Structures are given as C-alpha cells and as structure tokens.
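Please load the model into a viewer and keep the selection panel at hand. The stops below proceed from one selection to the next.

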Amino acid sequence: MANVRFAVRMQRLIPWLGYHHVLMLLIAIAIVLLSLLLAGCSSTSPLIPGIYLLTLYYESYTPTYDPTQVDPGVTAAIANIVGTAQLEVRVGYFGICVTPDGGGYLCSNNATALAQQVSVDQDPLNLIWVASTFKDSIIFPYLLIVAIVLAFLTFVLLATFPGWHHEQDELTGSELDVKPFPSRPVSQVALALIFIASIFVLVSVLWQHTASVAAATIAQDLGNGSVRSGVGTSAMVLGWFGFVLLIIVTIGLLVMILSIMALDKLAD
C-alpha cells in the first residue's frame, strides 16, 4: 500500500518538475563536488585526506640512471640520509596532511605546526616544507571559489523561473496547467554567470593538473631512488566532473534561450 501511495505522489510531482529544476540539480551537484575539492586535506574527517592534489612520500626503489646525470652516485647519499623514513605528505588547496609512520593522518593549514610534530628521522629531506611551498606558491584556489559563488547565483536565478500553475479558461471555465516563459534578461544573466563559472573551473582544473604533474615529476627525480610522488586521482575527478556539469548547464540554458526566441518569432 505504501508503494502505491509513493507511486501516486511521484506521478503528481513529476509533471510539476520543470526544465530549470534539472539544471538546478546539476548546479547543486557541481557545487558540492567543487566544495569537496577545495576541502581536500583540510581536516582528518573521513575521505578528506584522500582528496589531494599532490603526494610525496619516502620509498626505497631502484633509482633511474641517465647519461645526463653528472653525479649518478648522489642517489646512494640520498638513500643514506633518508634511511628508514616512511613519511607521506599530501597537499590540498587549503591544507596539508602528513602521516609520519604510515599510520593516521595529521592535517592542518599550518605547515609549521605539522613540522613541529615530526622528527628529523621521519622527514630528513623536508618534504613537508616542499609541500608547503607547492601549496603557497603554486596552487591558486580563488578562481574555484569565485566559480562556486557564480554557480550559486545562477542557482538562485533559476529558482526564480516560473513554474506550472492553474489558470481558468475564460471560454470553457475549465482549469488549465500553464507555465509562462522565464524572463529573457534573467535567463541571459544566468547564462553569462554559469559560462564564466565554467571558464574559471576549466582554467583552475588545467592549472591544478599541470602544476601537480610537473611538481610530482621534479620531486621524484630529485629524490631518485628514495622519494616517490603522485597526483591525486580523486581531486582530478572532482574538478573535471564539476566542469562537465557546469558546461552541461551552460549548454542547457543556451538551448532554452534559443528555443524561446524561436517560439517568439513563430508566434509573431
């Protein structure tokens, strides 16, 4: 009986869901994804340390030799300095997470505070300092913040779009379900805002990806044989998915505006 009631309620609700409600849902999902991306490594909450742009950690492996190396033997010296260190450091937009011995993470936006909790033997090559330099000098989160604000403003504008309502037919006296066209200026402003937000996210994600790959490659080469590095898959997925959702909303709004303009011309 409960299933039947639920089905009836859904049948009544679905016709009242408008095209703009779908766009609002996509914007909401994009805002959540981008917010999670910005929150990466900002706390020890579940899953947050797993959202990172760059990771650096000590690991002993066979070093790479190349004719361009003037002193290939430096890898042995670095290995002696590193010793048995197991520390891993992860970098997010606003925080750094450190696991000194492969256990739980210590997360903070203050790299100095993290460094004071780690001994020299645990971080002999100052990976925490390297990670802090990457976060402070290379990563730029403010385009993403502006994009989230613009996406939220677009969400608010879409919420003002008219929905279905009842009107009485003057000739027959029967009630009709009517949905007026949204305001063209409001639609155009929403399109402009979400387009700018999409561009900002695209620039941020490309910047994030390029900077992380470059830093990971250089750090691993400098610590050849003793330091590993990697780029955060979760952060890349969140960034690109957020961008794709905003682009879908941009295209959806553009199609809606063009369709309304075409219908207006046909009506004239």
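The aromatic pairs of this predicted model number three. Select F140 and Y142 to begin: the ring centres lie 5.2 Å apart and the planes meet at 70°, so the pair is edge-to-face. An edge-to-face assignment requires planes over 60 degrees apart. Add W207 to the selection, and a stacked pair appears, formed by F140 and W207 with 5.6 Å from centre to centre and 10° between the planes. This second pair links distant parts of the chain, 67 residues apart: F140 is in the loop between α5 (127-137) and α6 (142-159), and W207 is in helix α7. Taken together, F140, Y142 and W207 make up one aromatic cluster.

Colour these three residues by relative accessibility. F140 has 37% and therefore counts as partly exposed. W207, at 38%, is likewise partly exposed. For Y142 the relative accessible area is 47%, so Y142 is partly exposed; the partly exposed class ends at 50%.

A ring of another kind of interaction comes next. Select Y61 and R228: the charged end of R228 sits over the ring of Y61, at 3.7 Å from the ring centre.

Now display the strands. Where does β2 lie, and which way do its side chains point? Strand β2 comprises residues 88-91; E88 and R90 point one way, V89 and V91 point the other way, and all of these are buried. Strand β1 (residues 54-58) pairs with β2 in the antiparallel sense over four bridges. Within that pairing, T55 is found opposite R90 of β2. Next to be selected is strand β3 (residues 96-99), which runs antiparallel to β2 and is joined to β2 by four bridges. Here E88 stands opposite T99 of β3. The two strands β2 and β3 form a hairpin, with four residues between them.

Remain at β3 and select C97 together with C107. How many disulfides does the model contain? The count comes to one. That disulfide joins C97 to C107, with 2.0 Å from S to S. The torsion about the S-S bond is about 110°, so the disulfide of C97 and C107 is right-handed. Because C97 lies in strand β3 and C107 in strand β4 (residues 106-108), the pair ties together parts that are ten residues apart in sequence. Both C97 and C107 are buried.

Add C41 to this view. C41 takes part in no disulfide, and the nearest cysteine sulfur, that of C97, is 4.0 Å away. A disulfide requires the two sulfur atoms to be within 2.5 Å, so this distance does not qualify. Is C41 buried or exposed? With a relative accessibility of 0%, C41 counts as buried.

The next selection is the largest nonpolar core, which has 61 residues. The members that touch the most other members are L87, V89, V98, F134, V201, L246 and L253. Helix α7 (residues 184-222) supplies the largest share of this core, eleven residues. Centre the view on L246 and show its contacts. Leaving out residues up to four places away in sequence, L246 touches A30, L34, A151, I194, A197, S198 and V201.

Helix α7 also holds V186. This residue has a relative accessible area of 25%, so V186 is partly exposed. Which residues are in contact with V186, apart from its neighbours within four places in sequence? They are L157, T160 and F161. Place a distance label from V186 to T154 as well: the two are 32 residues apart in sequence, yet 9.5 Å apart in space, C-alpha to C-alpha.

The final stop is T75, located in helix α3 (residues 74-82). At 10% relative accessibility, T75 counts as buried, because buried means under 20%. Not counting residues up to four places away in sequence, T75 touches P63, Y65 and N224.

Notes
Residues are numbered from 1 along each chain as its sequence is written. This is a predicted model: local features need pLDDT of at least 70, side-chain atom pairs count only at pLDDT 80 or more; totals for chains, interfaces and linings use all residues. Side-chain values use heavy atoms; hydrogens and water are left out. Buried means under 20% relative accessible area, exposed over 50%, partly exposed in between (1.4 Å probe, protein chains only). Two strands pair if DSSP finds at least two bridges between them. A nonpolar core is a set of buried Ala, Val, Leu, Ile, Met, Phe, Trp, Tyr and Cys residues joined through side-chain atoms within 4.5 Å. Contact means heavy atoms within 4.5 Å. Rings of Phe, Tyr and Trp (its six-membered ring) pair if their centres lie within 6.5 Å; planes under 30 degrees apart count as stacked, over 60 as edge-to-face and the rest as tilted. A charge sits over a ring if NZ of Lys or CZ of Arg is within 6 Å of the ring centre and within 35 degrees of the ring normal.
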